Every structure is written in structure tokens, then in C-alpha cells.
Amino acid sequence: MPDALPTGPVAHSAAGPVGRGVRYGIDVGKARVGVAKSDPDSLLATPVRTLKRDLKKRYEQTVLMRHLLEDEAVTVYVGLPHNLSGGHTPSTQDALDYAAQLQELLAEAGSVAQVRMVDERLTTVSAQRQLHQNGLDTKASRAVIDQAAAVAILQQALEVQKSQQRPAGLPLA
């Protein structure tokens, strides 16, 4: 999938080479947030959990922050939803807002982790298809679909990172 994102509240700066460290992938949905993480060598993305979205209390961000800080995450890749032609969807601003809040919380906690936005076109569709092939129906797999989408977001970012020797996506402004 392409690495280009539409213009908006993201910075267009080049990033240097990547080092070791745990990276996270986040799939932000209206009802749930899927979470995945990599090993310190950034070879493989694995599911962590699905958090129920709590728009008023932001409980899921507290739980997510605990994971990020305990693992000393170096990069958090948040999926940025686009339509197939690359334009914004109703969920685009929600993902940007979520990422901005996450970046703010990380900075307040003294973390050096960078939040980066990556194109997530078709990751949920791909995750659903894969789970159906493994015999899970949509109702039974709702919670793991979000984790699988987060794994797809992160694995894609790790592959870009490895091939281009720079972090994938774009940082928030």
C-alpha cells in the first residue's frame, strides 16, 4: 500500500534511520481500538488486545498508555482511514484526533515515542477475510478483527520501515 497521505495536520519531514525498539500498531474504530505490537527487532507484529472505546472517560487510552510505557515503545503507528481514491472518510478526523491525544499523553508521561499516521486502506476488510477463511464468522470475531487490523497496520509499517530504512507514514504536526 502507498505511504502517501493527504495533506492536513501531519508534518512532512523526513525521518532518519530506524533502530531497535518495540513498535505498536493501533486500529481506531468507533466502538473498539485494536492494538498490536512488534518484537524489539521489528520483525513481526502480534496482536495485543482489543479495547472497548470509551469516548467520555478515555479508559482505553489509559490501558493503552500502560502498554506503551511498560514496553518503552519507540513508535506508535495509528491507522489513517481513507477511501479507495485516497480521500478522507468520516473516520479520518477521528483517527487524527485519537493520535493527537495519544501523542500528548505520551509526551506528558515523558515518553520519546513518536506517533505516526499510516494509510490503513482495506486493513479491516483484509482482516475480516482472513478470519472468515479461518472459520470465524463476523459476530464471533468482532473483537479479534480489530486486533487483526492493528496487526496488518503494524506489519505493513514494519515492512516499509525495513525496506526504506526509515519510519513508515508521517508524524503528526
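The following exchange discusses the fold, the core and selected residues of a predicted model.

Colleague: In what sequence do the elements of the protein run from the N terminus on?

Modeller: The protein has 4 helices and 6 strands. Read from the N terminus on, these elements run β-β-β-α-β-α-β-α-α-β.

Colleague: In which order do the strands lie in the open sheet?

Modeller: The sheet holds 6 strands, and its pairing is mixed. Strands S3 and S6 (170-171) are the edge strands, each pairing on one side only. The order across the open sheet is S3-S2-S1-S4-S5-S6.

Colleague: Is the pairing of S1 with S4 parallel or antiparallel, and which residue of S4 is the bridge partner of Ile26?

Modeller: S1 and S4 are joined over 4 bridges, in the parallel sense. Within S4, the bridge partner of Ile26 is Val78.

Colleague: How many bridges join S1 to S2, and which residue of S2 is the bridge partner of Asp27?

Modeller: A hairpin through 3 residues joins S1 to S2. These two strands run antiparallel and are joined by 5 bridges. The bridge partner of Asp27 in S2 is Gly34.

Colleague: How many bridges join S2 to S3, and which residue of S3 is the bridge partner of Lys37?

Modeller: S2 and S3 form a hairpin with 6 residues between them. The two strands run antiparallel, joined by 7 bridges. In S3, the bridge partner of Lys37 is Thr46.

Colleague: Why is S2 described as largely enclosed by the rest of the structure?

Modeller: A residue counts as buried when its relative accessible area is under 20%. S2 is largely enclosed because, of its 7 residues, the number buried is 5.

Colleague: Which strands does H1 touch, and what angle does its direction make with that of S3?

Modeller: H1 packs on the sheet, where it touches S1, S2, S3 and S4. The direction of H1 makes an angle with that of S3 of about 155°.

Colleague: Across which strands does H2 lie, and at what angle does it run to S4?

Modeller: H2 lies across S1, S2, S4 and S5. Relative to S4, H2 runs at about 165°.

Colleague: Which element supplies the largest share of the largest nonpolar core?

Modeller: This core has 25 residues, and those touching the most other members are Ile26, Leu64, Leu68, Val76, Val78, Leu106 and Met117. At least two core residues come from each of strand S1 (23-28), strand S2 (32-38), helix H1 (59-70), strand S4 (75-80), helix H2 (92-108) and strand S5 (114-119). The largest share, 6 residues, is supplied by H2.

Colleague: Which residues does Leu68 touch, not counting residues up to four places away in sequence?

Modeller: Leu68 is one of the core residues that touch the most other members. With residues up to four places away left out, Leu68 touches Tyr24, Ala73, Val76, Leu102 and Leu106.

Colleague: How many residues make up the second, separate core?

Modeller: Members of this second core include Ala45, Val151, Ile153 and Ala157. The core is separate from the one described above, and its residues number 12.

Colleague: Is Glu60 buried or exposed, and which backbone nitrogen does its side chain reach?

Modeller: Glu60 is placed in helix H1. Its relative accessibility is 0%, and Glu60 therefore counts as buried. Leaving aside neighbours within four places in sequence, Glu60 is in contact with Val33, Leu51, Lys52, Arg53, Asp54 and Tyr98. At 3.0 Å, the side chain of Glu60 reaches the backbone nitrogen of Asp54.

Colleague: What is the phi of Ser42, and is this residue buried or exposed?

Modeller: Most residues other than glycine have a negative phi. Ser42, found in the loop between S2 and strand S3 (45-52), is not a glycine and yet has a positive phi of about 60°. With a relative accessibility of 10%, Ser42 counts as buried.

Colleague: What is the phi of Glu72, and is this residue buried or exposed?

Modeller: Glu72 lies in the loop between H1 and S4. Its phi is near 50°, a positive value in a residue other than glycine. Its relative accessible area is 64%, so Glu72 is exposed.

Colleague: Among contacts between residues at least 6 apart in sequence, what percentage join residues at least 24 apart?

Modeller: Of the protein's 173 residues, 45% count as buried. The protein exposes about 8700 Å², with carbon and sulfur atoms supplying 54% of it. Among contacts between residues at least 6 apart in sequence, the portion joining residues at least 24 apart is 69%.

Definitions and conventions
Residues are numbered from 1 along each chain as its sequence is written. This is a predicted model: local features need pLDDT of at least 70, side-chain atom pairs count only at pLDDT 80 or more; totals for chains, interfaces and linings use all residues. Side-chain values use heavy atoms; hydrogens and water are left out. A nonpolar core is a set of buried Ala, Val, Leu, Ile, Met, Phe, Trp, Tyr and Cys residues joined through side-chain atoms within 4.5 Å. Buried means under 20% relative accessible area, exposed over 50%, partly exposed in between (1.4 Å probe, protein chains only). Contact means heavy atoms within 4.5 Å. Accessible areas come from the Shrake-Rupley method with a 1.4 Å probe; for residues, only the protein chains shown count as cover. Two strands pair if DSSP finds at least two bridges between them. Axes are lines fitted to C-alpha atoms, for helices over the stretch in contact, and angles run from 0 to 180 degrees between N-to-C directions. A polar contact is a pair of N or O atoms within 3.5 Å; within protein, one must be able to donate a hydrogen and the other to accept it, and residues adjacent in sequence count only if both atoms are side-chain atoms.
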